[in-house]
Every structure is written in structure tokens, then in C-alpha cells.
Amino acid sequence: MFGKSMRRTAITVTACAAALAAGVPAHATSTYSAFAFSLSSSEPTIYNFINSATKTLDMTMYELQDTTAVNDLIAREHAGVTVRVILDRKETSTNNAAYNTLTKAGVGVVWSSSQFVYTHQKTITVDGSESLVLSGNLTSKYYSTSRDYGVFDNDANDVNSIEQVFDADYTGQSITPSDGDNLLWSPTDARTRLLSIINGATTTLDVEEEELSDPAVVDAIANQAQNGVTVRVVVENPSSYSSEISEIENAGGTVVGYSSSTGFYVHAKAIVADYGLSTAAVEVGSMNMTTNSLDNNRELGIILTDTGVESVVENAFNSDYAGGASV
């Protein structure tokens with residue numbers, strides 16, 4: 001088993017006074033930390049978290065095609081941990097092997113509910129006490145080329161909400177999710193919560209997204225640029241979002257892009273507002289800035305005022321922004 005000190009590859013900090021000053025609830029015992037995916041062939045930070053489970057492990061995953069992760073889940077089940085997994089029902093070509101292997105090994109695994117177009121959420125909760133919220137899937141063939149993030153969260157209200165939604169989704173029941181202290185969910189309030197962090201920026205707004213087409217979100221980003229906020233956007237496949245990019249650039253923002261043909265793929269879904277200021281906030285999650293993602297999918301994200309999480313995302317964003325091609 002791996003302890004917390006062995007699975008932290010990024011800064012872990014106590015929920016700080018800045019959260020209270022910004023009016024965001026935080027508990028003195030809650031901690032948050034973030035990491036960028038390794039850009040290598042494996043994700044040991046995630047494996048170590050899986051292997052830390054001693055009682056229960058609940059996973060919702062859009063795509064699961066990682067032999068190490070699957071074997072770790074089976075090992076936890078055989079060690080007496082109650083393991084439950086939800087896999088997206090429309091990604092059967094990707095998920096069938098994992099589904100069959102887990103089922104054969106006695107792991108509780110179900111296909112996602114038809115009440116959502118996609119169950120695009122990527123979350124792991126261990127022992128009912130800590131959750132890992134991811135922007136990336138557990139699909140190992142993409143690890144070495146994709147920008148993605150993960151955020152660890154042991155806020156009790158957040159974890160309880162994630163577990164309540166998992167229980168409902170696992171059994172195919174309807175639920176209106178609670179945001180806990182820091183969460184945003186699709187298809188309930190994700191758009192409103194994304195707009196809150198975008199509209200709350202006073203000086204800078206950095207956006208890194210695989211997909212960028214929801215009109216309300218794009219309008220909000222452009223409005224912030226028009227209002228004098230320094231807006232920087234990193235996007236994958238910019239040719240697919242030419243009108244949205246033009247709107248942002250015409251308002252004064254700057255956009256850089258990547259294409260999968262370059263070998264580096266922006267799969268991330270993240271926002272950093274007012275980095276370095278007392279008003280700073282960061283969002284990481286599974287939801288793309290598309291209408292389908294916000295209105296029809298099961299998605300989960302987290303918004304924090306945690307300086308450690310902000311730094312991890314902002315540092316990776318700066319690298320990606322510097323390496324992108326102007327649009």
C-alpha cells in the first residue's frame with residue numbers, strides 16, 4: 001500500500017485564508033493538490049492513489065484502456081477492497097476489454113446510464129474520504145502526448161457529493177448533484193459555474209480547452225477581453241473553432257493552437273483566473289466548453305482558490321501557450 005506522501009507529485013496545501021476571503025467555503029482540514037499528466041507511458045500518481053484504497057474504491061471513467069490501472073483495480077478487489085466502476089456505454093470499443101476483465105475478476109462494473117449522452121466524467125474516490133478529479137481518461141496510449149490534469153480533494157462535502165452521485169449513477173437512478181464546497185456538474189450547473197470563474201476574472205484569464213464552441217462561454221471569454229482582462233487561450237484543432245477564435249481575438253484576446261499531427265494534444269479542460277492575486281481561482285474538470293458537454297453529459301469539475309493547484313495548472317499552461325502556434 002502507498003501512503004499519501006508517496007502519491008503526491010505536486011504541492012499539497014491546506015485550504016487557505018484566500019478561500020474564505022473570496023467567499024468560497026473551505027474546511028481547515030481539507031487539502032487539495034494537483035498534477036499534470038506525466039507525458040510518459042504511465043501515470044504512477046494515479047496508480048498509487050488506486051493502490052492506497054483499503055476499504056472502497058469507486059471509479060467513473062469515460063475511457064479505460066490501461067492494463068496497469070485495470071490490474072491495480074483487480075488487486076484491490078482481491079485484497080478485500082470493494083471496487084465499483086462505471087464505464088461509458090457508448091465507448092464499448094475502447095472499454096470492452098476492461099469491462100470483461102474486471103467482470104471476470106469479480107469487480108463490480110456497469111455500463112453508464114442512458115439518461116446521459118455520454119458519461120464523460122473521470123473520477124476516482126478512495127475509502128469514501130478522498131477523490132481524484134481528472135480531465136484525462138485512463139487510456140495509456142495517449143499519456144505520452146496529451147496535456148491533462150488531476151486534482152486531489154478530501155473536502156468532506158465534495159467527497160460526499162461525488163459518492164452520492166456515483167451511487168445514483170451506478171444503479172441508474174436520477175439525482176440532482178450537490179456542489180459540495182467546490183464542485184460543478186453537468187448537466188446541472190456546469191455552465192453557470194464556468195461563467196462564474198470567467199466573469200470573476202479582473203486582470204487575467206487563461207483558458208486551456210480541447211473543445212471550444214458553447215456560445216455563452218465563448219461570449220463571456222470575449223467580453224472579458226473586451227473589458228480589458230488579459231485573455232489567453234490554448235485550444236486543440238483551432239480550425240474547428242474559427243468563428244469562436246475570431247470572436248475572442250477581435251475582442252482583444254490571444255489564441256494559440258495545437259494539432260494532433262504535431263504529436264502534442266491539448267485534451268485539458270482548465271481555467272486560471274487572476275493568477276497570483278488574492279482573487280485567483282482555478283477550474284479543472286472533464287467538461288469541454290461545448291453545449292452537449294454542459295447540457296447533456298455526466299461531467300464533473302472543481303473550482304478552487306488554492307494557490308498550489310493554481311500554480312500547477314498555470315505553469316503547465318504557460319509552457320503550452322509558449323509552444324502553441326498563433327491562430
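**Figure 1. The whole chain has 10 helices and 20 strands.** This is a predicted model, so every value in these legends is computed from it. With its helices and strands in view, we can ask why the protein chain counts as being as compact as a globular protein of its length. The radius of gyration is 19 Å, close to the 20 Å that the globule rule gives for 327 residues, so the chain matches a globular protein of that length in compactness. The C-alpha trace spans about 55 × 45 × 35 Å along its principal axes. Of the 327 residues, 56% are buried. The accessible surface comes to about 12000 Å², and carbon and sulfur atoms account for 49% of that surface. Now look at how the chain meets itself: take the contacts between residues at least 6 apart in sequence, and 72% of them join residues at least 24 apart.

**Figure 2. Here is the largest pocket, with about 360 Å³ of space.** Which residues lie nearest its centre? They are Tyr62, Glu63, Asn137, Glu210 and His267, and they belong to a lining of 23 residues. Sorted by class, the lining of this pocket has 6 nonpolar, 12 polar and 5 charged residues.

**Figure 3. This view shows the second largest cavity, with a volume of about 40 Å³.** The model has 2 cavities of 30 Å³ or more. The lining of the second largest cavity is made of Asp58, Met59, Thr60, Gln121, Thr123, Thr125, Ile162, Glu163 and Phe166. Which elements give two or more residues to this lining? They are strands β3 (56-61) and β7 (122-126), together with helix α5 (156-171). By class, the lining has 3 nonpolar, 4 polar and 2 charged residues.

**Figure 4. Ile86 sits in strand β5 (residues 82-87).** Is Ile86 buried or exposed? Its relative accessibility is 1%, so Ile86 counts as buried, given that the cut-off for buried is under 20%. Setting aside neighbours within four places in sequence, Ile86 is in contact with Met59, Thr60, Met61, Val110, Ser112, Phe166, Asp169 and Tyr170. Try finding one of these partners, Val110: Ile86 and Val110 are 24 residues apart in sequence, and their C-alpha atoms are 5.2 Å apart in space. Two other partners of Ile86, Met59 and Phe166, also appear in the lining of the second largest cavity.

**Figure 5. Leu39 and Asp274 each have a positive phi.** Most residues other than glycine have a negative phi. Phi of Leu39 is near 55°, and phi of Asp274 is also near 55°. Where do these residues lie? Leu39 is in the loop between β2 (31-36) and α2 (44-51), while Asp274 is in the loop between β17 (269-273) and β18 (281-285). Their surroundings can be told apart by accessible area: Leu39 is partly exposed, at a relative accessible area of 35%, whereas Asp274 is buried, at 0%.

**Figure 6. A cis peptide bond joins Ser186 and Pro187.** Most peptide bonds are trans. For the bond between Ser186 and Pro187, omega is about 10°. To find the place in the structure, look for Pro187 in the loop between β12 (183-186) and α6 (190-200).

Technical notes: Residues numbered from 1 in each chain as written. Predicted model: local features only at pLDDT ≥ 70, side-chain atom pairs only at ≥ 80, totals over all residues. Heavy atoms only, no water. 1 Å grid on protein atoms, 1.4 Å probe; cavity = no way out; pocket = protein on both sides within 12 Å on 5 of 7 lines; lining within 4 Å. Points joined across faces, edges and corners; volume = space filled by probe spheres on them. Helix = DSSP H or I, 4+ residues; strand = E, 2+ residues; numbered from the N terminus. Nonpolar A, V, L, I, M, F, W, Y, C, P; charged D, E, K, R; others polar. Rg over C-alpha atoms; globule rule 2.2 N^0.38 Å. Buried < 20%, exposed > 50% of the residue type's maximum accessible area, 1.4 Å probe, protein only. Contact = heavy atoms within 4.5 Å. Areas by Shrake-Rupley, 256 points an atom, 1.4 Å probe, with all protein chains shown as cover.
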